[in-house]
Amino acid sequence: MYDASRFLRYASLPRWVLLLSISTLLVVGLEMLGLPASLLIGPMVAAIILALSMGQGSLRVPRWPLLFGQALVGFLMARAITVDILKTMATDAPLFLAMILSVIVAAAGLGWLLTRWQVLPGTTAVWGSSPGAASAMVIMSEAYGADARLVAFMQYLRVVFVAVAASVVSRLWVAADGGKPPAFILFPPVDWQALAATIALTCLSAYVAVRFRIQGGTITVPLVLGSLLQGFGLLTIELPLWLLAISYALIGWNIGLRFTRGIVMHAARALPRVAASILLLMSICGCMAFALHKFAGVDPLTAYLATSPGGADSVAIIAASSDVDVPFVMAMQTGRFLVILFTGPMLARFIARRSGLAEKPV
């Protein structure tokens, strides 16, 4: 009995049970409200609550499960890169490139201003302003020395803003339902052979990224590997919702458990200026959507959803339930993510040098 009690205290089992319970309640609540990214935001908020109440370091996500969860996000991104999307991008390459670069330049400019004004430390504001896939940007930012907690704060605040705005615009323009989320099916039918291959390659990708010390490799290695194998018909990327829920929970907990009262106070002080920068970026993207409609003949809602700065999964849901050109929307969103993924580190270092600020902890 003494050994069993000592093991439970060492494993901090009651705290993990409490963390899992709070996470589940928050995920269910966010899903009922129809808010995006609930599977990641719920565990992250639960971990923040526990970290603030029990102290930072009271719990820690094991390293290898976390790396597995991060690599799984890479395969999630790879699954979105289909042959049809690549064909759509190739057909109108100059148009796509112009729109993608315009959004990236606008976001980088706002990130530079936030960095220059020292609203957030170092290049954190640059990564937080990047209009790419939020979970991937958080993981990549940490690999390159930014504060992942504040990057997550910026990224998911923008995800909520963009999702709400896109839903409202969809309602006003086409009188649709505003893109209701699909049914929350935690245990869908599974192709077990494809799932086993996906899990094996996820483990391999995480190991390769660590073994060869590839910065951001837990995202880029599975992204490249999964895209190539899927493109050549050698792999069906099988990611049931329950597996993604585990991955998102690990990533959310890893971010949230490192929050402190100082970080929360810093985020609260930065909130007005961060929110203003998000609204300004959304306005700039709205102007780009108008130009896309005016000069390229793209219908207004398709143009708006295609240029929305981030929240690609939420935009995909809204696009699928609206009368828009879905391949065009997803091609624009996917293309922007790929460009940011491979240029983000270089852009962050360039802005850090231009601003004269090095990475500093909060």
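Is phenylalanine 96 buried or exposed, and what is its relative accessible area? In this predicted model, phenylalanine 96 is buried, with a relative accessible area of 2%.

## Aromatic pairs

The structure holds 3 aromatic pairs. In one of them, phenylalanine 96 and phenylalanine 328 place their ring centres 5.1 Å apart with planes at 50 degrees, so the pair is tilted. The two residues belong to distant parts of the chain, 232 residues apart: phenylalanine 96 is in helix H6 (residues 93–116), and phenylalanine 328 is in helix H16 (residues 326–355).

Both rings come from buried residues. The relative accessible area of phenylalanine 96 is 2%, and that of phenylalanine 328 is 6%; each value counts as buried because the cut-off is under 20%.

## Helix H6

Helix H6 has 24 residues and spans 34 Å from its first C-alpha to its last, close to the 34 Å expected at 1.5 Å a residue. Glutamine 118 follows H6 and has a positive phi, near 55 degrees.

Phe96 is one of the buried residues of H6, together with Met99, Ile100, Val103, Ile104, Ala106, Ala107, Ala108, Leu110, Gly111, Leu114 and Thr115.

## The largest cavity

Searching the whole structure yields 5 cavities of 30 Å³ or more. The volume of the largest cavity is about 70 Å³. Its lining consists of Ile104, Ala107, Ala108, Val126, Ser129, Ser130, Pro131, Ile340, Thr343, Gly344 and Leu347.

Which helices each supply at least two residues of this lining? They are H6, helix H7 (124–129) and H16. H16 gives the most, with 4 residues. Helices H6 and H16 thus meet the reader twice: they are linked by the pair of phenylalanine 96 and phenylalanine 328, and each also contributes to the lining of the largest cavity. By residue class, the lining divides into 7 nonpolar and 4 polar residues, with no charged residue. Ile104, Ala107 and Ala108 appear in the lining and are also among the buried residues of H6.

## Helix H14

How many of the 8 residues of helix H14 (residues 300–307) are buried? The count is 7, so H14 is largely enclosed by the rest of the structure. The buried residues are Leu301, Thr302, Ala303, Tyr304, Leu305, Ala306 and Thr307.

## Arginine over aromatic rings

Two arginines are placed over aromatic faces. Arginine 63 lies over the face of tryptophan 64, at 5.6 Å from the ring centre. Arginine 211 lies over the face of phenylalanine 212, and here the distance from the ring centre is 5.7 Å.

## Leucine 25 and methionine 154

Leucine 25 is located in helix H2 (residues 13–33). Leucine 25 is exposed, with a relative accessible area of 65%; this value counts as exposed because the cut-off is over 50%. Along the chain, leucine 25 and alanine 46 are 21 residues apart, and their C-alpha atoms are separated by 9.1 Å.

Methionine 154 is found in helix H9 (residues 148–174). Methionine 154 is buried, with a relative accessible area of 2%. In sequence, methionine 154 and alanine 125 are 29 residues apart, while in space they are 7.9 Å apart, C-alpha to C-alpha.

Methods: Residues numbered from 1 in each chain as written. Predicted model: local features only at pLDDT ≥ 70, side-chain atom pairs only at ≥ 80, totals over all residues. Heavy atoms only, no water. Phe/Tyr/Trp six-rings, centres within 6.5 Å; stacked < 30°, edge-to-face > 60°. Buried < 20%, exposed > 50% of the residue type's maximum accessible area, 1.4 Å probe, protein only. Lys NZ or Arg CZ within 6 Å of the ring centre and 35° of its normal. 1 Å grid on protein atoms, 1.4 Å probe; cavity = no way out; pocket = protein on both sides within 12 Å on 5 of 7 lines; lining within 4 Å. Points joined across faces, edges and corners; volume = space filled by probe spheres on them. Nonpolar A, V, L, I, M, F, W, Y, C, P; charged D, E, K, R; others polar. Expected span 1.5 Å × (residues − 1).
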